[in-house]
Amino acid sequence: MDQRVIKTKQALTTALFSLLQTQTIDTITVTALCRTAKINRRTFYIHYDHVSDIFEDYQLQLADQVANSLAGERHNLNNLVQTFDKILMANFDGFKYLCLNRQQHHLVEDLQQMLFETLCDTLLTSQAAPTDSLILSALASGLINTYVYWFSHDDQITYDALTETNQQLVKTQVALLTK
């Protein structure tokens, strides 16, 4: 992909997460987004039709990075947690706001669904037991919910404790999958 396109999309994503700290995604205008990203509206419309398309693009990038972290090594679970942390922490303030603001909860649910689908696509085989999907559903929602909880209790739980706990949870739940 052209470096200018990458830079423009990153600027729009950063601007979106910045604006999400004070507004819901439904109330963010293209004008405000472009002003924050320091790009013109015409450039926005070259890449996207709606503000929400930026969040969808972010989810796709997240899904690709999670899938790539698991590619080739089914049990490289530390890499999964590290990748997930890296991606989410790149937009720390915006993601924290999403997790703490009830009006943004549907976006958090969208992230959970994306993570669940990516885990299923990456970890499950055609011979997987029906309960394996249930396990991965619990893993995806649990992983996202650890961040939601941590953001609400960051004075009680360190980031290192969060990461270590997530690694243990992922290992434990993936161990439940049928072989």
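At 39% relative accessibility, Asp 154 counts as partly exposed, where buried means under 20% relative accessible area, exposed means over 50% and partly exposed lies in between, with a 1.4 Å probe and protein chains only. The side chain of Asp 154 meets that of Lys 96 in a salt bridge at 3.5 Å, N to O, a term that requires a side-chain nitrogen of Lys or Arg within 4 Å of a carboxyl oxygen of Asp or Glu. This pair links distant parts of the chain, since Asp 154 sits in the loop between helix H8 (130–152) and helix H9 (159–175) and Lys 96 in helix H6, 58 residues apart. Helices here are DSSP runs of H or I with at least four residues, strands are runs of E with at least two, and both are numbered from the N terminus. Lys 96, at 23% relative accessibility, is likewise classed as partly exposed.

The model is predicted, so that local features need pLDDT of at least 70 and side-chain atom pairs count only at pLDDT 80 or more, while totals for chains, interfaces and linings use all residues. Residues are numbered from 1 along each chain as its sequence is written, and side-chain values use heavy atoms, with hydrogens and water left out.

**Salt bridges**

By the rule given above, the count comes to 3 salt bridges, and the table sets out their distances.

| Acidic residue | Basic residue | Distance, N to O |
|---|---|---|
| Asp 2 | Arg 4 | 2.8 Å |
| Asp 57 | Lys 9 | 3.7 Å |
| Asp 154 | Lys 96 | 3.5 Å |

Asp 57 lies in helix H4 and Lys 9 in helix H1, so their salt bridge ties together parts that are 48 residues apart in sequence. Both Asp 57 and Lys 9 are buried. In the bridge between Asp 2 and Arg 4, by contrast, Arg 4 is exposed, with a relative accessible area of 62%, and Asp 2 is partly exposed, with a value of 34%.

**Aromatic pairs**

Rings of Phe, Tyr and Trp (its six-membered ring) are taken as a pair if their centres lie within 6.5 Å, and planes under 30 degrees apart count as stacked, over 60 as edge-to-face and the rest as tilted. By this rule the count comes to 7 aromatic pairs. In one of them, the ring centres of Phe 17 and Tyr 58 are 4.9 Å apart and the planes stand at 65 degrees, so the pair is edge-to-face. Phe 17 belongs to helix H1 (residues 3–19) and Tyr 58 to helix H4 (residues 51–70), so that this contact links distant parts of the chain, 41 residues apart. Phe 17 and Tyr 58 are buried, and together with Phe 55 they form one aromatic cluster.

A further pair joins Phe 44 and Tyr 48, whose ring centres are 5.9 Å apart with planes at 40 degrees, so the arrangement is tilted. Phe 44 is buried with a relative accessible area of 0%, and Tyr 48 is buried with 5%.

**The largest pocket**

On a 1 Å grid over the protein atoms alone, a pocket is an open set of points with protein on both sides within 12 Å along at least five of seven lines, and lining residues have an atom within 4 Å of a point. The largest pocket holds about 380 Å³ of space, the volume being that filled by probe spheres set on the points. Its lining comprises 20 residues, of which Gln 10, Thr 13, Tyr 58, Gln 61 and Asn 91 lie nearest the centre. H1, H4, helix H5 (77–90) and helix H6 (92–100) are the elements that give two or more residues to this lining, and H1 gives the most, with 7 residues. By class, the lining has 7 nonpolar, 9 polar and 4 charged residues, where Ala, Val, Leu, Ile, Met, Phe, Trp, Tyr, Cys and Pro count as nonpolar, Asp, Glu, Lys and Arg as charged, and the others, Gly among them, as polar.

**Other local features**

Leu 60 lies in helix H4 and counts as exposed, at 55% relative accessibility. The C-alpha atoms of Leu 60 and Asp 110 are separated by 11 Å, although these residues are 50 apart along the chain.

Lys 38 is not a glycine, yet has a positive phi of about 60 degrees. Lys 38 is placed in the loop between helix H2 (30–37) and helix H3 (41–47), and counts as exposed at 75% relative accessibility.

Notes. On a 1 Å grid over the protein atoms alone, a cavity is a set of points where a 1.4 Å probe fits but cannot get out, and a pocket is an open set with protein on both sides within 12 Å along at least five of seven lines; lining residues have an atom within 4 Å of a point.
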